[in-house]
Amino acid sequence: MDFFAHQEAAHRRTALLILYFALAVVLIVAAIYTAAAFIFVYDPNDMRGSRSIFGMLWNPQLFAVVSIATLVVIAAGSLYKIAVLRRGGEAVAEALGATLVDPSTRNPNERQLLNVVAEMSIASGTTVPAVYVLRDEAGINAFAAGYSTDDAIVAVTRGALETLSRAGLQGVIAHEFSHILK
């Protein structure tokens, strides 16, 4: 599969995720309304005629209040997360528990990482991004985050630092730079 086919598949998955999010919001509103209706509206002693359970639970005013309150809470949480992430890649790295690598580090693995990142920056013509390490992660992995090359970061796991050769680390960092340059 070529790049454009992958890109199109990613767009379809993104649209599906948005649909799932909207469905989740609707289900959350319905669940909270149902709970509120049982607490505030339902009266087991009110068994007038053939009224259905739905008829006994439906209250348009309560539904409006619950819907608005739930949507406000979801929107506030989303806006808060967006505000936190506006700090760029640094916020993502810190949220994942990564620590900034000190430029004057004497750790040979970290020193090598800083050198490789600096080399890739020169090769790509970009500013040197901040470098983070996920010290509690033994697996081999890395990521780049940020809105632009100015606030981008590169993070690698401890496992990548300890396991990969210099050439392997260069390959991983080169891959992460491809994300920064998109």
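**Exercise 1. Strand E4: enclosed or open?**

Task: Work out how many residues of E4 are buried, and which way each one points.

Solution. Five of the five residues of E4 are buried, so this strand is largely enclosed by the rest of the structure. The model is predicted. Buried here means under 20% relative accessible area. Next, sort the side chains by direction. Ile153, Ala155 and Thr157 point one way. Val154 and Val156 point the other way. Both sets are buried.

**Exercise 2. Build the sheet**

Task: Find the strands that pair with E4, give the direction of each pairing, then write the strand order.

Solution. Start with E2 (130-134). Five bridges join E2 to E4 (153-157), and the two run parallel. One checkpoint is Ala130, whose bridge partner in E4 is Ile153. Now take E3, residues 142-145. Four bridges join E3 to E4, and this pair runs antiparallel. Here the checkpoint is Ala142, which stands opposite Val156. Put the pieces together. The order is E1-E2-E4-E3, an open sheet of four strands with mixed pairing. E1 and E3 stand at the edges. Each has a single partner strand, so one side of each lacks a neighbour in the sheet.

**Exercise 3. Map the nonpolar cores**

Task: Identify which residues of the largest nonpolar core touch the most other members, and which elements supply the core.

Solution. The largest core holds 18 residues. Leu113, Val156 and Ile173 touch the most other members. Five elements each supply at least two residues: H5, E2, E4, helix H6 (158-163) and helix H7 (166-180). H5 gives the most, with five residues. Then follow Ile173 outward. Leaving out residues up to four places away in sequence, Ile173 touches Leu113, Val116, Val117, Met120, Val154 and Val156. A second, separate core has eight residues, among them Ala93, Ala98, Ala145 and Ala155. Compare with Exercise 1: Ala155 and Val156 point opposite ways from E4.

**Exercise 4. Place Thr105**

Task: Locate Thr105, decide whether it is buried or exposed, and list its contacts.

Solution. Thr105 sits in the loop between strand E1 (99-100) and helix H5 (108-124). Its relative accessibility is 12%. The cut-off for buried is under 20%. Thr105 therefore counts as buried. Look at the side chain next. The side chain of Thr105 reaches the backbone nitrogen of Asn107 at 3.2 Å. Finally, set aside neighbours within four places in sequence. Thr105 is then in contact with Glu110, Arg111 and Leu114.

Definitions and conventions: Residues numbered from 1 in each chain as written. Predicted model: local features only at pLDDT ≥ 70, side-chain atom pairs only at ≥ 80, totals over all residues. Heavy atoms only, no water. Buried < 20%, exposed > 50% of the residue type's maximum accessible area, 1.4 Å probe, protein only. Polar contact = N/O pair within 3.5 Å; in protein donor to acceptor, adjacent residues only side chain to side chain. Contact = heavy atoms within 4.5 Å. Core = buried A, V, L, I, M, F, W, Y, C linked by side-chain atoms within 4.5 Å. Pairing = 2+ DSSP bridges.
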